[in-house]
Amino acid sequence: MSYPYQINSFDDYKTAWAKSIEDPEGFWGEIAGHFLWRKKWDKVLDWNFKEPRIRWFAGGKLNITENCLDRHLEKLGSEPAIIWEPNNPEEHHRILTYKQLYFKVNQFANVLHNNGVKKGDRVCIYMGMIPELAIAVLACARVGAIHSVIFGGFSAQSIADRLQDAKAEFIITCDGAFRGAKDIPLKNVIDDALIACPFVKRTIVFTRTRTPVSMIKGRDVWWEDEIHKVETLGNPDFPAVEMDAEDTLFILYTSGSTGKPKGVVHTCGGYMVFTNYTFVNTFQYQPEEVHFCTADIGWITGHSYILYGPLGAGGTSLMFEGIPTWPDAGRFWDIVDKYRVNILYTAPTAIRSLMGFGLGPLQGKDLSSLRILGTVGEPINEEAWHWYDEHVGKRRCPIVDTWWQTETGGIMISNMAGITPSKATYATLPMPGVEPLLVDENGKEIEGDNVSGNLCIRSPWPGIIRTTYGDHERCRTNYFSAYPELYFTGDGALRDENGFYRITGRVDDVLNVSGHRIGTAEVENAINMHAGVVESAVVGYPHEIKGQGIYAYVIYSGTHGDEALIRQDITHTVSRIIGPIAKPDKIQFVTGLPKTRSGKIMRRILRKIAEGDTEHLGDISTLLDPDVVEQINRGRLSH
Ligand code: WT7
């Protein structure tokens with residue numbers, strides 16, 4: 001047993017789970033005792049889901065970076081904390097030991113301090129997957145600033161929305177980012193965003209791609225120059241700022257079924273304990289193992305299982321700048337081979353896309369170091385699961401199918417590798433501390449085996465969302481009002497005769513495209529910005545690689561006649577407003593949309609048509625104009 005709270009048998013799991021539900025305060029209090037606190041908490045848990053008010057370890061004082069860095073220095077100082085593989089395999093990789101990472105985080109914490117960043121300030125980070133991104137995130141945490149990382153694929157408009165929502169006055173970015181054959185001009189995108197954000201005081205720019213950038217006097221400074229200033233002062237350590245367990249650690253924006261993305265707020269103490277606990281137990285991490293999570297730090301998976309989880313556990317985290325298919329589809333296998341990766345954690349989309357290249361790219365790659373495989377982000381289909389098991393894990397690596405969300409902070413339902421049973425396409429059993437249940441539309445609990453319903457959670461776990469930034473009521477209505485006294489996930493699930501859960505997908509108007517979460521309303525708003533568009537409706541449809549594709553029905557009134565050109569312009573508009581990840585895969589022009597007499601679009605019908613299931617449209621008699629369905633059906637775009 002490597003960690004005092006590591007579960008090592010199925011019986012051990014059952015005991016831990018039962019205790020965690022019976023006595024959550026005793027259970028989590030004991031685990032939290034293994035961390036570094038400046039002052040112990042007053043109370044482990046104080047909560048109600050009505051407001052909601054959720055406080056874990058309140059009164060406890062800590063800094064998460066002392067847990068991720070300082071406390072490891074003595075024993076693990078010379079061990080690798082981060083191994084970084086560049087986009088271009090010809091370029092040198094980098095290894096940062098715990099000592100080096102500690103040094104760099106302290107250095108950059110000084111930079112932040114010198115640039116006026118104080119505890120509680122919001123700092124937006126918009127960078128590629130380079131070690132400086134990890135350094136920037138941890139330095140924010142060290143000075144007590146709230147980081148808001150924005151994925152490099154979001155547009156200037158999306159950044160501006162997020163900056164305004166968080167009132168972020170500081171930005172950390174790069175000249176550009178390398179991704180596959182592309183070179184993305186990040187600073188230019190930031191410049192466009194800042195036209196609408198005059199409140200931004202400082203932008204710190206790291207040099208990665210040598211893309212030309214404009215540097216505005218008084219606002220923009222170079223990362224390297226600022227580091228140099230700290231060096232001339234002799235690189236003093238930056239004493240970690242003392243935080244309350246319930247002080248905000250970060251904001252991460254995510255899409256919902258309505259309106260603009262919301263800023264999910266996570267706090268210091270509970271998030272730290274939960275990411276660490278779930279990391280160590282789900283992956284059954286052993287010291288010195290190399291953990292390779294292929295997510296981007298712009299998403300919660302990267303926050304929790306590239307940074308805070310592994311570093312909290314003193315582990316070695318592999319960070320990859322590039323994409324799975326460049327320079328060829330063997331890139332993941334090269335990386336596994338080169339660094340003797342032990343744990344590979346990726347998304348079903350990546351697996352499906354690599355499957356498409358056949359077995360060639362796997363040939364000659366030594367994958368014998370792999371011990372555990374994981375998936376996250378979307379339901380995995382049987383075919384992809386078996387391919388992963390057979391050709392990557394060679395049938396000797398347990399696969400953990402981890403279900404969780406930006407809002408949950410860490411893994412909620414998953415098997416524990418080699419410890420609890422697994423079943424293809426099932427996330428299986430809840431983590432200790434997590435009590436899932438299924439409810440019907442009226443909120444009545446569905447009990448028994450082989451049933452399906454809406455997935456809810458009965459009581460708080462330490463990593464739960466605390467609020468949506470700047471709008472607590474939105475948090476309440478989104479997650480805590482559909483079913484009183486329960487947290488509603490937005491997912492549907494079924495439960496088999498073993499009590500294993502299988503997550504079947506969203507039951508709200510949220511799409512999951514290549515593991516990226518996108519609201520249909522958000523895409524519709526973007527499409528509607530196009531000058532000739534009168535109205536639109538967006539639904540998801542099954543997509544072989546992406547899981548879901550985006551299907552848009554558009555009423556167009558413009559005079560321009562060329563449909564291909566209009567489609568192209570609508571797509572470009574969405575790319576500009578949200579980002580390339582939200583581009584519709586299909587656009588069908590229609591003359592009307594199926595609406596009820598009260599004017600509500602009947603998405604159920606549109607989904608059926610997009611899926612190609614035109615036989616079972618159900619009752620359309622309540623529609624204002626039933627004929628429109630026939631017209632739409634005739635114009636349907638096949639896949
Ligand atoms: C949504 C959350 C969790 C980090 C990445 C995505 C779907 C997530 C699984 C899984 C089936 C899954 C759910 C969830 N999802 N993991 N193992 N099996 N579906 O985070 O962007 O917040 O999205 O992803 O629909 O609600 P996110």
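How many salt bridges does the structure hold? The count is 44 salt bridges. Before I go on, a reminder that this is a predicted model.

One example from that set. Lys 14 and Asp 11 form a salt bridge through their side chains, with an N to O distance of 3.9 Å. Both residues belong to helix α1, which covers residues 10-22. Three residues separate Lys 14 from Asp 11, about one turn of the helix.

Next, the ligand. Its shell has 17 residues. The closest are Asp 401, Thr 406, Asp 491, Arg 506 and Arg 517. Sorted by class, the shell around the ligand comes out as six nonpolar, six polar and five charged residues. Three elements each give at least two residues to this shell: α11 at 300-312, β20 at 399-402 and β25 at 501-506.

Now some distances between the ligand and polar atoms of the protein. In the side chain of Asp 401, an N or O atom is 2.7 Å from a nitrogen atom of the ligand. For Glu 378 the partner is a polar backbone atom, 3.4 Å from a nitrogen atom of the ligand. Asn 512 has a polar side-chain atom 3.5 Å from an oxygen atom of the ligand. As for cover, the ligand taken alone exposes 560 Å², and 95% of that is buried by the protein.

On to the cavities. How many are there of 30 Å³ or more? The count is three.

The largest cavity has a volume of about 80 Å³. Its lining is made up of 13 residues. Nearest the centre of the largest cavity are Gly 128, Met 129, Ala 177, Arg 179 and Asp 296. Which strand supplies the largest share of that lining? That is β9, residues 177-179, with three residues. By class, the lining of the largest cavity has seven nonpolar, three polar and three charged residues.

The second largest cavity holds about 40 Å³ of space. The residues lining the second largest cavity are Val 149, Ile 150, Phe 151, Phe 154, Arg 162, Leu 252, Tyr 253, Gly 298 and Trp 299. They divide into seven nonpolar, one polar and one charged.

To recap: 44 salt bridges, a ligand with 95% of its area buried by the protein, and three cavities of 30 Å³ or more.

Notes: Residues numbered from 1 in each chain as written. Predicted model: local features only at pLDDT ≥ 70, side-chain atom pairs only at ≥ 80, totals over all residues. Heavy atoms only, no water. 1 Å grid on protein atoms, 1.4 Å probe; cavity = no way out; pocket = protein on both sides within 12 Å on 5 of 7 lines; lining within 4 Å. Points joined across faces, edges and corners; volume = space filled by probe spheres on them. Helix = DSSP H or I, 4+ residues; strand = E, 2+ residues; numbered from the N terminus. Nonpolar A, V, L, I, M, F, W, Y, C, P; charged D, E, K, R; others polar. Near = heavy atom within 4 Å. Polar contact = N/O pair within 3.5 Å; in protein donor to acceptor, adjacent residues only side chain to side chain. Areas by Shrake-Rupley, 256 points an atom, 1.4 Å probe, with all protein chains shown as cover. Salt bridge = Lys/Arg side-chain N within 4 Å of Asp/Glu carboxyl O.
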